[in-house]
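This report describes one protein structure for a reader who has not met it before. It follows the backbone, then the side-chain pairs.

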Amino acid sequence: MLLFSCCLALMFSGCSSISNISNGIESALDLSGGEEAEVNKHNAYIDLYNTLINDIDLVVFDYVEALGEDGEVYIEEGFDGISLYSNNIQKNLLSAMPYIDKEPAEPDADAALKDMEPILSKYAKALDEAKKYYAEKSYVDDNFEKAQQYHDVIIGDYVAVWEKIGVFLAAIDVMLEGQDEEQLASYQENGEMVHYWSLKSLIAAQEMDSYLYAQGISAENIQDISLDEFRPLYDAFVEAYKGYSDLVGDDDDAGDDEGIITLSRYSDLLSSIKSDSAELVNMLQTGGEFSETDIKIASVVSGTPEKLSKSVNDLLNAYNSWIV
């Protein structure tokens, strides 16, 4: 699934600003009209940003596994339907659209959203309709006629839609530039150190992932990494991971006082990223390479950039779901 792996990496690389994954920015209690307008607009754009990161490939990867990624939809013998994930793309797109060209001015984000809307709306509609089509087994009624129509959009437009999404994600990252540091400072000031080290480790993990993407690194060309450039990113992650581990340990309830229900999922993912990134550094130091078999299943092989990227995305989702 080379096509989808490449675009997924693009998605991860757009997450340089971690504050965008929080549930809005309405922490200030007393807002003037201008501040309230900024909060509302930013929240709408952030909600759409989060949905694009979380929902599209969740559905598409599931779809590809069942129906293929070639131009013609693949219907295996004895096909008995598939259950696709739900998504909030259309809902959050509709919520964001009214803020285009409204105050506060965000010309790059506004222009990217306006440019993205036609193809994204079409894509979201196809995902929604395909989910219903297969859930209700309507392919029995039309002998899979609409199956190919949905496939033409879901597979045929995948790269084009992600090109537009990539521009929007980058614009939102610029819009929110500096808020990671502000959020970390806020956590420290409020004594919310579980939140602090969770966010610190997430930022560091994404820095590693973004570097690998920017350099075009995969399991196949692992030795193309510059250890001199990657090692400082790894060391920064290890420092953040140690800060988190020293504070949390094996206590999944360590965040109770900060309103965090459980740290189980987040801790497990951080541990996995620590192991995978250490394996990657070890391979760079020893000149090791992945086998052809490992390359074919890179997303589940320890130490590969593909597995690291998947784990980092899962960590982002866990932060969004459990920490904030």
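Just after helix α4, K137 takes a positive phi of about 55°. This is a predicted model, and the residue lies in the loop between α4 and α5 (139-142). K137 is not glycine, yet its phi is positive. Most residues other than glycine have a negative phi, and most peptide bonds are trans. With a relative accessible area of 34%, K137 is partly exposed, because that value falls between the 20% limit for buried and the 50% limit for exposed.

N143 also has a positive phi, near 55°, and is a residue other than glycine. Its place is the loop between α5 and α6 (145-154). N143 has 66% relative accessibility and therefore counts as exposed, the cut-off being over 50%.

A further backbone feature concerns a peptide bond. The bond from E103 to P104 is cis, with omega near 0°. P104 sits in the loop between α3 (89-96) and α4 (107-135).

**Helix α4**

How far apart are the end C-alpha atoms of α4? They are 41 Å apart. The 29 residues of this helix should span 42 Å at 1.5 Å a residue, so the distance in the model agrees with the expected span. Helix α4 also has a kink of about 50° at E117, shortly before the proline P118.

K114, in helix α4, is linked to D101 in the loop between α3 and α4, and the two are 13 residues apart. They form a salt bridge in which the closest N and O atoms are 3.0 Å apart. K114 is partly exposed at 45% relative accessibility, while D101 is exposed with a relative accessible area of 54%.

**Salt bridges**

The model has 9 salt bridges in total. Three of them are listed here.

| Pair | N to O distance | Citation |
|---|---|---|
| K114 and D101 | 3.0 Å | closest N and O atoms |
| R231 and D235 | 2.8 Å | closest N and O atoms |
| K242 and D246 | 2.9 Å | N to O |

R231 and D235 are both in helix α10, 4 residues apart, so about one helical turn separates them. K242 and D246 are likewise 4 residues apart in helix α10, which means a separation of about one helical turn. An α-helix has 3.6 residues a turn, so residues three or four places apart point the same way. D235 is partly exposed, with a relative accessible area of 36%, and R231 is partly exposed at 32%. D246 counts as exposed at 57% relative accessibility.

**Aromatic pairs**

How many aromatic pairs does the model have? The count comes to 14. One of them joins Y196 and W197 edge-to-face, with 5.0 Å from centre to centre and 85° between the planes. Y196 is buried at 9% relative accessibility.

Y211 and F230 form a tilted pair, because their ring centres are 5.9 Å apart and their planes stand at 45°. Y211 belongs to helix α9 (residues 193-214) and F230 to helix α10 (residues 227-248), so the pair ties together parts that are 19 residues apart in sequence. Are these two residues buried or exposed? Both Y211 and F230 are buried.

An aromatic cluster is also present, formed by F79, Y133, Y134, Y139, F144 and Y150.

**A buried residue in helix α2**

T51 is in helix α2 (residues 33-67). Its relative accessible area is 7%, so T51 is buried, the limit being under 20%. Which residues does T51 touch, not counting those up to four places away in sequence? They are I56, N88, I89 and N92.

**Confidence in the model**

The protein averages a pLDDT of 88, and 90% of the residues score at least 70. Over residues 1-31, however, pLDDT stays under 50. For this stretch the model has 86 contacts beyond four places in sequence. Where pLDDT is low, the predicted coordinates should not be read in detail. The contacts of residues 1-31 come from a stretch with pLDDT under 50, and this report describes no individual contact there.

Terms used:
Residues are numbered from 1 along each chain as its sequence is written. This is a predicted model: local features need pLDDT of at least 70, side-chain atom pairs count only at pLDDT 80 or more; totals for chains, interfaces and linings use all residues. Side-chain values use heavy atoms; hydrogens and water are left out. Buried means under 20% relative accessible area, exposed over 50%, partly exposed in between (1.4 Å probe, protein chains only). pLDDT is the predictor's confidence in each residue, from 0 to 100. Contact means heavy atoms within 4.5 Å. The expected span of a helix is 1.5 Å times one less than its number of residues. The bend at a residue is the angle between axes fitted to the seven residues ending there and the seven starting there. Rings of Phe, Tyr and Trp (its six-membered ring) pair if their centres lie within 6.5 Å; planes under 30 degrees apart count as stacked, over 60 as edge-to-face and the rest as tilted. A salt bridge is a side-chain nitrogen of Lys or Arg within 4 Å of a carboxyl oxygen of Asp or Glu.
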